[in-house]
Amino acid sequence: MSDPQQAYAPSQEFAAQANAKADLYETAQQQGTEFWANQSRELLTWSKDFTETLDWSNPPFAKWFADGEINACYNAVDRHVEAGNGERTALLFEGEPGDTRTFTYAQLKDEVSKAANGLESLDITKGDRVAIYMPMIPEAVISMLACARIGAIHSVVFGGFSADAIHSRVEDGQAKLIITADGSYRRGKPTTLKPAVDKALEKGAESVEHVLVVKRNGEEVSWTEGRDVWWHDVVDGASTEHTPSVQNAEDPLFILYTSGTTGKPKGILHTTGGYLTQAAYTHKNVFDIKPDTDVYWCTADVGWVTGHTYIAYGPLVNGATQVIYEGTPDSPHRGRFWEIVQKYGVTIMYTSPTAIRTMMKWGEDIPAEYDLSSLRLLGTVGEAINPEAWVWFHRVIGGGRCPIVDTWWQTETGAIMVSQLPGVTEAKPGSAQQALPGISIDVVDDFGEPLENEKPGLLTITQPWPSMLRTLWGDDQRFIDTYWSRFGDKYFAGDGAKRDADGDLWVLGRVDDVMNVSGHRLSTPEIESALVSHPSVAEAAVVGATDETTGQAVIAFVILSDDAQAEGKDHAELAEDIRKHVGEEISPIAKPKRVLIVPELPKTRSGKIMRRLLKDVAEDRPVGDVTTLADSTVMDAIVETFKK
């Protein structure tokens with residue numbers, strides 16, 4: 001039986017063949033910024049070499065490799081074909097209903113070239129924004145690469161998001177084109193995607209000239225002549241000849257929106273050269289990728305940054321073979337993930353602690369039915385993994401032989417920042433442990449002063465890194481205010497952390513108004529405004545409560561409007577209706593686990609809601625200090641409601 005307290009050293013056999021050796025830390029230390037120049041030249045193909053590695057003359061606005069020229073799509077596809085690896089498999093697609101497609105690098109180059117020509121026929125040129133709202137099908141990755149090929153900026157919107165979420169992102173980025181699909185499959189049933197795009201555009205988005213639609217499941221969808229075009233009409237007949245455009249290293253590659261502490265999502269802007277450098281470097285060293293023999297599978301969706309860096313870019317830049325899967329872990333049965341591992345001989349698997357905890361609940365007998373002996377490395381992402389889940393993953397899925405890399409990073413950082421090096425680190429369950437070679441982090445107090453080991457504080461990044469966000473789209477001031485105003489010279493990640501006695505890092509979760517539910521960042525104000533938009537809700541407050549499956553769960557406290565109270569509706573039915581409403585307004589992920597209808601919310605005399613007291617209630621512990629409340633008896637009524 002594995003012990004969460006023990007350290008897990010890599011086997012001698014794994015350590016001997018590992019890409020990253022212990023001396024990588026020292027090399028990075030000695031070389032300083034030039035470490036990244038060396039990594040970049042080794043891992044990428046530049047059409048024009050850079051002469052300056054980092055320009056940090058105007059912090060916090062970094063420029064990496066600024067006079068270099070490079071194309072992300074060329075690096076992900078063409079150069080492998082030119083190097084004689086065109087017949088290597090790039091993508092192994094597994095559809096939810098069980099349909100499959102395989103693309104070699106040569107075939108992927110042809111498909112991406114056709115898509116690039118198709119986009120250009122719709123008048124998409126360098127710098128135009130293209131919103132992508134897709135299921136996890138090959139066309140999602142092909143669309144991203146086609147944008148990169150012509151220098152258009154992609155903005156991927158998670159396929160589970162609502163029309164409102166699509167609209168706000170399309171409007172903020174002023175997207176000229178939306179790429180979507182008629183639908184997808186979800187838990188054995190066909191679903192639709194295009195109707196959400198249609199609804200988003202009804203709210204107004206004058207920048208959008210066309211909607212390009214992939215036919216995935218043949219669901220009936222409405223059609224706007226002149227605006228809507230089928231992928232098969234525009235792309236399938238296009239030429240496979242296309243020359244990648246020349247991009248400056250600092251040209252934008254993509255915008256990805258993430259929840260902010262105000263209701264408006266933040267458009268995280270990533271540029272080309274620095275992002276690709278760190279994507280390739282981390283993918284090679286953290287996942288120990290051997291392109292000739294490995295079959296890599298990241299279970300994320302391209303709607304999240306993990307799917308950008310560790311599906312669309314990192315693995316392809318490194319010439320890897322990877323699985324992409326459209327469906328969920330429990331359809332058509334709860335062994336679906338392990339069936340895929342067995343079918344494709346997956347060697348490296350990168351997934352979320354939420355998925356692992358869910359599968360723990362289902363029991364060990366399910367994975368025991370499958371041959372998982374091909375696995376040699378496991379990884380986790382999205383939130384800190386609790387030691388019990390780590391140990392289960394190591395023992396049951398990894399057979400006690402696979403190193404686990406527990407990775408900490410963010411949409412903003414672009415790539416992994418803190419992780420084990422799998423052939424080097426003695427892994428400690430639940431801790432991401434050390435910043436990667438070339439990355440500088442610290443745990444500081446409220447004044448930015450470094451803290452001793454064992455003292456909890458705030459996680460900061462103290463030196464620029466290549467894949468760092470360059471700004472927030474169209475809002476430099478918000479970029480400064482959000483990430484740099486607290487400590488000035490350090491990036492503040494918004495996470496709490498501490499170092500243990502050995503100096504290993506433990507991430508303690510968000511310290512602002514953002515919750516982490518199943519690895520997805522959800523903003524408190526965004527959910528609260530969705531709650532208040534329900535006709536029966538007058539006021540709402542939301543907290544994240546610790547949840548053994550999802551990490552955090554959304555718990556909502558709402559006050560009903562006078563009309564709703566007068567109607568005397570059943571509270572249980574109304575609470576369920578309010579939950580569904582949030583799912584429709586934002587995404588099913590944002591649906592509160594519980595909606596509690598309360599007579600009043602705990603407020604200070606100045607009217608501020610004391611969410612920490614609600615968190616005490618949600619996590620079922622004694623309520624803290626209520627002396628600052630205007631009416632301290634309010635908490636008694638809330639506790640009573642919660643217990644019912």
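Me: Where is Pro60 in this predicted model?

Reply: Look in the loop between β1 (54-58) and β2 (61-64); that's the place of Pro60. The peptide bond from Pro59 to Pro60 is cis, with omega near 10 degrees.

Me: What makes a cis bond something to point out?

Reply: Most peptide bonds are trans. Another cis bond runs from Ser331 to Pro332, with omega near 5 degrees. Pro332 sits in the loop between β17 (321-325) and α12 (336-344).

Me: Why is the pair of Trp46 and Phe50 called edge-to-face?

Reply: Check the distance, then the angle. Ring centres have to lie within 6.5 Å to pair, and these two are 5.0 Å apart, centre to centre. Planes over 60 degrees apart count as edge-to-face, so the 70 degrees between Trp46 and Phe50 earns that name.

Me: How do you know whether Trp46 and Phe50 are buried or exposed?

Reply: Buried means under 20% relative accessible area. Trp46 has 13%, so Trp46 counts as buried. Phe50 has 2%, so Phe50 is buried too.

Me: What makes Tyr310 and Trp409 an edge-to-face pair?

Reply: Use the cut-offs again: their centres are 5.1 Å apart and their planes make 90 degrees, so they pair within 6.5 Å and pass the 60 degrees for edge-to-face. This pair links distant parts of the chain, 99 residues apart: Tyr310 is in helix α11 (residues 305-317), and Trp409 is in the loop between β20 (404-406) and β21 (441-444).

Me: Why do Tyr310 and Trp409 count as buried?

Reply: The limit is under 20%, so Tyr310 at 0% counts as buried, and so does Trp409 at 11%. By the way, a search of the whole structure finds 31 aromatic pairs.

Me: Why is Glu454 called partly exposed?

Reply: Partly exposed is what's left between buried, under 20%, and exposed, over 50%. Glu454 has 45% relative accessibility, so it lands in between. Glu454 lies in the loop between β21 and β22 (457-461), and its phi is near 75 degrees, a positive value in a residue other than glycine.

Me: What makes a positive phi worth a mention?

Reply: Most residues other than glycine have a negative phi. Ser518 has a positive value as well, near 55 degrees, and its place is the loop between β26 (514-517) and β27 (520-523).

Me: How do you know that Glu600 is partly exposed?

Reply: Its relative accessible area is 33%, so Glu600 falls between 20% and 50%. Glu600 gathers with Asp631, Asp636 and Glu640 in a patch of negative charge on the surface.

Notes:
Residues are numbered from 1 along each chain as its sequence is written. This is a predicted model: local features need pLDDT of at least 70, side-chain atom pairs count only at pLDDT 80 or more; totals for chains, interfaces and linings use all residues. Side-chain values use heavy atoms; hydrogens and water are left out. Patches are made of residues with over 30% relative accessible area and no salt bridge: like charges are joined within 9 Å, nonpolar side chains (Val, Leu, Ile, Met, Phe, Trp, Tyr) within 5 Å. Accessible areas come from the Shrake-Rupley method with a 1.4 Å probe; for residues, only the protein chains shown count as cover. A salt bridge is a side-chain nitrogen of Lys or Arg within 4 Å of a carboxyl oxygen of Asp or Glu. Lys and Arg count as positive and Asp and Glu as negative; His and the chain ends are not counted. The place of a charge is taken as NZ of Lys, CZ of Arg, CG of Asp or CD of Glu. Buried means under 20% relative accessible area, exposed over 50%, partly exposed in between (1.4 Å probe, protein chains only). Rings of Phe, Tyr and Trp (its six-membered ring) pair if their centres lie within 6.5 Å; planes under 30 degrees apart count as stacked, over 60 as edge-to-face and the rest as tilted. Helices (H or I, at least four residues) and strands (E, at least two) are DSSP runs, numbered from the N terminus.
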